[in-house]
Amino acid sequence: MLKGKTYLDHGGTTLYARSLVEKFSEDLVSNLYGNPHSASTPSTLAGDRVDEVRIRTLQFFNADPDHFDLIFASNATAAIKLVAESFRDYHESSESNKRQKGFWYGYHRDAHTSLIGIREFTHGSHFCFRDDEQVNRWFNSGGVIFRLYHARQIGLFAFPGQSNMTGRRLPLTWPAKLRSKKGAKIYTLLDAATLATTCSIDLRDKGAPDFTCVSFYKIFGFPNIGALIVRKEAGHMLQQRKYFGGGTVDIIIALDDTWHAKKDSSLHDELEDGTLPFHSIFALGHALDVHQQLFKSMSRISAHTAYLAKRLFRGISTLTHSNGLSVCRIYKDPEAIYGDPKTQGATIAFNVFDSVGTPIPFTEVEKLANINGIYIRAGGLCNPGGVANFLEFDASEMRAAFAAGHRCSRPLVVMQGRATGVVRVSLGAMSTLSDVNTFLTFLENNY
């Protein structure tokens, strides 16, 4: 697949291995699988395989099945939406909460659009933290600053493990700090979709998030499914969800009454609506095997990609025009250090400038790279907080850009002399030093 090509968009999806596809194909043509919602032999076989893969997936994240459950979803966004809908319904079902307008929601500036969307369920009771310092001030104040939640109000704090724009890795100690606050009713949601691509997610610690969402295509390239990993101690927050689908109830009365009884044997039985994408779950089992065979461990992937990202960062940051002006402006947080997997992932966000300091449209950089067989990503990257922060656009300017015709899918690439998006290069397990050198040569030859 990669002959004559350089793939540098592992933040979008990493690449699947040929052996993964072959093993999955052989499995399907060698076994007879039925819908797990049946008692036939093919269906029982399928159900047993789903249970096996669920446990193995929890183990991949070092999540003890006695303390965690895993709910399969179509992707990380679907997992996030499940949490949002459940919190809304929990609030509406609780008599003690009805005096409040909604549950409180806090989220970090680096949040992906899918995390930000939760705020629409809160009736205005939400807050975006501008930086880590604000988060820590909130912790230390007991939540009394920034017009935050009432003492009796249920709350949810969400943050990405890694910015999908800059690759900066956020503190994973926050859930433990929140849980240590006596009387607090704030739960934590970790968006690990980007982080899990090149970093081990270890949920053994008592400070693990209450809810963790992942997308498996970002880790393995295939299959296209995701999951929500839930601390069982926090599982009750999902059990008041009003909607039910096939497979999540024990009995339903449809005529003459509207009574039903939900399954209560496990969280996943209660929350996985309809027939699971069981073939994709089988593929996930093979993905776990192949990933271990090829790369041995996530720690090796983390070290490998950190090394490559450091080389790429140094190469990009030292490119200059003949007059001494830098070719690229890299967007990074001061605390993020390339080469240090604790603070920085294998992602670089930047813009290219000409010799007089004018930004070259990020769309043009992406197009030219594509012509040269180099595949990157450019734009706002579904990270509006990061764009506003690093490209220095305030709310009024963003509204003005929209009025002028700017759209995420059809951007006005330069507004008021500033780029409205960035170029992003992201590395993965199968990236090589040759990939790094190829991209640096591309920048040097063209800009």
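The following paragraphs lead from the main nonpolar core, through one of the helices, to a patch on the surface.

This is a predicted model, in which local features need pLDDT of at least 70 and side-chain atom pairs count only at pLDDT 80 or more, while totals for chains, interfaces and linings use all residues. Residues are numbered from 1 along each chain as its sequence is written, and side-chain values use heavy atoms, with hydrogens and water left out.

The largest nonpolar core (buried Ala, Val, Leu, Ile, Met, Phe, Trp, Tyr and Cys residues joined through side-chain atoms within 4.5 Å) has 49 residues, and those with the most contacts inside it are Phe61, Phe72, Trp138, Phe157, Leu203 and Phe216. Helix α9, residues 278–295, gives the largest share of this core, with 8 residues. Leaving aside residues up to four places away in sequence, Phe216 touches (heavy atoms within 4.5 Å) a set of residues including Thr57, Phe61, Phe72 and Leu284.

Thr57 is also one of the buried residues (under 20% relative accessible area, with a 1.4 Å probe and protein chains only) of helix α2, a DSSP run of H or I with at least four residues. The buried residues of α2 pack against elements including α1, β2 (68–73), a strand (E, at least two residues), and α9. Just after α2, Asn62 takes a positive phi of about 55°.

On the surface, Met1, Leu2, Tyr16 and Val21 form a nonpolar patch. Tyr16 lies in the loop between β1 (6–7) and α1 (18–30).

Terms used:
Patch = residues over 30% accessible without salt bridge, like charges linked within 9 Å, V, L, I, M, F, W, Y side chains within 5 Å. Areas by Shrake-Rupley, 256 points an atom, 1.4 Å probe, with all protein chains shown as cover. Salt bridge = Lys/Arg side-chain N within 4 Å of Asp/Glu carboxyl O. Buried < 20%, exposed > 50% of the residue type's maximum accessible area, 1.4 Å probe, protein only.
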